[in-house]
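Student: Could you take a close look with me at one part of this model? I would like to go through it slowly.

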Amino acid sequence: MAGRPAGKSASKAPAKASAKVTIPQLPWSQARPAPVVLVSGTEGFLADRAIRALRDELKRNDPSLEVSDLEADGYSPGQLLTVASPSLFGEPRMIRVINVEKCTDAFITETLGYLESPADDTCLVLRHGGGVRGKKLLDAIRGGLGGGVEVVCTELKKEQDKVDFASAEFKKAGRRATPGAVRALVAAFSDDIAELASACQQLIADAAAEITEVTVENYYSGRVETSAFKVADVAIAGRQGEALVMLRHALASGADPVPIVAAFAMKIRTMAKVSGSRANASQLGLAPWQVDRARRDLQGWSDEGLGRCIETLAETDAAVKGAQRDPVFALERMVSVIASRGERRG
């Protein structure tokens, strides 16, 4: 019997088989409850949206829902079994676990054991932001252990994906937005899906009639060139000169002062809410990415400075709405106060 050519089999190592996916893989907008829900992907905002939608659906199904939160990177043995244990009154449970991409060995071992026989009336939600850590657990879930689903939250990189996202925001709210208005919004907020969502929600709340390109222009003119949130980021970081240049460019491009103040207020108030608090994102009524960003922004700030900036924001808000004759001066003063982190100078 003729053998294979010498050395041929040794030169070609067998390809490593990838884990077989047998569970449904859903987009973030179609998240649904299951005994285990793996929320994967790098887009934190969409992941937060999906998890919130899961909680809301479970809450509608049974208002007595009991929600527990765990952090996989600081997990201690026994935590999962403790929160998954049946309660006295048998309420349904939702267990939310964050930072699975940084999980401890104990978490992997105990979660694999749990998935062999998931608790009744319990939805275990695992948030994995990407990377290879916890691959054994992910492969097991994707292979069907626990009877779960995967909600995939990838970044929206294509313009059409962002247009579809913004259109869905208006449709969900029962509001009519013209295609031109949606594309203008996407052009103005293309760098950050969270800011795009916030802009959509502001128009939904404030605009009385059909949302058109004129509506977007009135609210967000100049943002294609200079985002109010970017001006706020630079000012909060203490770069006063750069922030003033960006502000003047936005105003010269036709930006309305009112949304500019609103962008600053949103960031400063979130920082104030997070400052000195040991509560988690859910207890603060914020998304985890908002808390992380606020904690980074708070470096170098004092509570007194935050308080002074909030007072300045209130004064500036009144000024740009007619209380003063020179709203531009009020805006520049606001930027200067925030760039100094509310410290008194002179």
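Student: Which exposed residues does the face of H4 turned away from its buried side carry?

Tutor: Happy to help! This is a predicted model, in which local features need pLDDT of at least 70 and side-chain atom pairs count only at pLDDT 80 or more, while totals for chains, interfaces and linings use all residues. Residues are numbered from 1 along each chain as its sequence is written, and side-chain values use heavy atoms, with hydrogens and water left out.

That face of H4 carries the exposed residues Asp105, Thr109 and Glu116. Exposed means over 50% relative accessible area, buried under 20%, and partly exposed in between (1.4 Å probe, protein chains only). Helices (H or I, at least four residues) and strands (E, at least two) are DSSP runs, numbered from the N terminus.

Buried in H4 are Phe107, Ile108, Thr111, Leu112, Tyr114 and Leu115. They span an arc of only 160° around the axis, so they sit on the same side of H4; the arc is that of the directions from the helix axis to the C-beta atoms. Their cover includes E2, H3, strand E4 (93-98), strand E5 (122-128) and helix H5 (135-142), where contact means heavy atoms within 4.5 Å.

Phenylalanine 107 has a relative accessible area of 1%, so this residue is buried. With tyrosine 75, phenylalanine 107 forms an edge-to-face aromatic pair, 5.2 Å centre to centre and 75° between the planes. Rings of Phe, Tyr and Trp (its six-membered ring) pair if their centres lie within 6.5 Å; planes under 30 degrees apart count as stacked, over 60 as edge-to-face and the rest as tilted. Tyrosine 75 lies in the loop between strand E3 (66-71) and helix H3 (79-84), 32 residues from phenylalanine 107. At 5% relative accessibility, tyrosine 75 also counts as buried.
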